[in-house]
Amino acid sequence: MGSLVAGMAGMAPQGSGPQAKEPQGGAGVTAAEAASAGTPRRLDEKIIAAFAGNRCVTRPAQDAVMGFSLPTQITEMLAKGGQKVTAGQMLLRGDDREESATVRLQKMQAETDLPVQRAKAAADLAELEYNRLKDIKDRGGSGQQEVERARLTFETSRIDWELAKIRQAQEVLTVERMESRLDRLRLKAPFNGIVDAILVDVGQAVSENEKVLRVVDISKIEMDVGSPTEDPRTWKLAVGDKAWVLLDVAGSPRLSEGRVDEVAPTADLGSRSRRIRVVIDNPEGPAQLIAGEPAWVRFSEPTKEVIEMVRVVGGA
């Protein structure tokens, strides 16, 4: 994700410099009202302190940064940033004209069984000739040498027939191998999701493994939380346990209930923490979350006072 992340870093919102001071919320002004007025805000530190969660960063449940495994030239773009896609949908096509023609030619060879039919017909003819000569010999009208020659010809023909069937199976496998190479020049969506960014254009030459496309799935949002090992609850956490997540949505607090999806069996000595992966559902619509934003997670239910503070300040 190196070049992709670097490219997206330059898209940081203006107003993040020293001259863009965070406005102070006035009495009776909720975060939602300030956001609707176009005033940039950050989550109130008092709410963060009262919530007492562990800070982390949200990210998509699935995240694929893709590139071609062969050097090629972009010939077709079938998607754009922000577009919803389904698993297997074609997104970008490289120059696959030669590979496509090779696959079509190989399919013609694989789909015909004429070589097998010919080998079988030759084996049937050799068997017929062998039986005829053997019958003649039994009546005293043919020599042993002619019969042996016919027998060997028949056995050889049967071997040729078996070899023809093997070669036919090999032709089918060759089609699969060539189609696999063809697929390396076509980028398809690995899962249902949204195209986050396309970093190339039609006609652009790309090198092997150059990152050209990012697809994400934000139907669920996940975050890795460093839960302190000094906290006894960290030692007891298990997959499926509840987690409470405080989200910063344009300066407005939102409280969501999630669940523990992974529990690391090891701890980080430097930070004295254990990695806990938490997942929350992210339904579509106006309330859908954007991945990559800060969040705070705790593994015990917040007090009623904190819940009420989030409700009031959030303008609920």
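A salt bridge is counted here where a side-chain nitrogen of Lys or Arg lies within 4 Å of a carboxyl oxygen of Asp or Glu. The structure analysed is a predicted model, in which local features need pLDDT of at least 70 and side-chain atom pairs count only at pLDDT 80 or more, while totals for chains, interfaces and linings use all residues. Residues are numbered from 1 along each chain as its sequence is written, and side-chain values use heavy atoms, with hydrogens and water left out.

The confidence of the prediction is expressed as pLDDT, the predictor's confidence in each residue on a scale from 0 to 100. For this chain the mean pLDDT is 86, and 86% of the residues reach 70 or more. Over residues 1–29, however, pLDDT stays under 50, and the model has 18 contacts for this stretch beyond four places in sequence, a contact being defined by heavy atoms within 4.5 Å. Where pLDDT is low, the predicted coordinates should not be read in detail.

The secondary structure comprises eight helices and 13 strands, taken as DSSP runs (helices, H or I, of at least four residues; strands, E, of at least two) and numbered from the N terminus. Of the 316 residues in the chain, 34% are buried, where buried means under 20% relative accessible area, exposed means over 50%, and partly exposed lies in between (1.4 Å probe, protein chains only). The chain exposes about 19,100 Å², of which carbon and sulfur atoms supply 53%; these areas come from the Shrake-Rupley method with a 1.4 Å probe, and for residues only the protein chains shown count as cover. Among contacts between residues at least 6 apart in sequence, 75% join residues at least 24 apart.

By the rule stated at the outset, the count comes to 26 salt bridges. Within strands 11 and 12, the side chains of Arg275 and Glu262 meet in one of them, with an N to O distance of 3.1 Å. Because Arg275 lies in strand 12 and Glu262 in strand 11 (residues 252–268), this pair ties together parts that are 13 residues apart in sequence. Arg275 is partly exposed, with a relative accessible area of 32%, and Glu262 is likewise partly exposed, at 26%. Glu262 also meets the side chain of Arg277 in a salt bridge (3.2 Å, N to O). That second pair links distant parts of the chain, with Arg277 in strand 12 and Glu262 in strand 11, 15 residues apart. Arg277 is buried, with a relative accessible area of 15%. Through salt bridges that share partners, Arg59, Glu222, Asp224, Glu262, Arg275 and Arg277 are joined into one network. Elsewhere, Lys188 and Asp183 form a salt bridge with an N to O distance of 3.9 Å; Lys188 is partly exposed at 34% relative accessible area, and Asp183 is partly exposed at 38%.

Strand 12 also contains Arg274, which counts as buried because its relative accessibility is 19%. The side chain of Arg274 reaches the backbone oxygen of Ala264 at 2.6 Å, a polar contact being a pair of N or O atoms within 3.5 Å in which, within protein, one atom must be able to donate a hydrogen and the other to accept it, with residues adjacent in sequence counted only if both atoms are side-chain atoms. When residues up to four places away in sequence are not counted, the residues touched by Arg274 include Ser227, Trp235, Val263, Ala264 and Pro265. Arg274 and Ser227, although 47 residues apart in sequence, are separated by 5.2 Å from C-alpha to C-alpha.

The loop between strand 12 (273–281) and strand 13 (294–298) holds Asn282, which counts as buried because its relative accessibility is 4%. The side chain of Asn282 reaches the backbone oxygen of Ile218 at 2.8 Å. Not counting residues up to four places away in sequence, Asn282 touches Ile218, Ser219, Lys220, Ile221, Ala287, Gln288 and Leu289.

Helix 6 (residues 144–183) includes Ile159, which counts as exposed because its relative accessibility is 51%. Together with Leu163 and Ile166, Ile159 makes a nonpolar surface patch of about 270 Å². Such patches are made of residues with over 30% relative accessible area and no salt bridge, like charges being joined within 9 Å and nonpolar side chains (Val, Leu, Ile, Met, Phe, Trp, Tyr) within 5 Å. Arg149 is also found in helix 6 and, at 46% relative accessibility, counts as partly exposed. From C-alpha to C-alpha, Arg149 and Tyr130 are 8.4 Å apart in space, with their positions 19 residues apart in sequence numbering.
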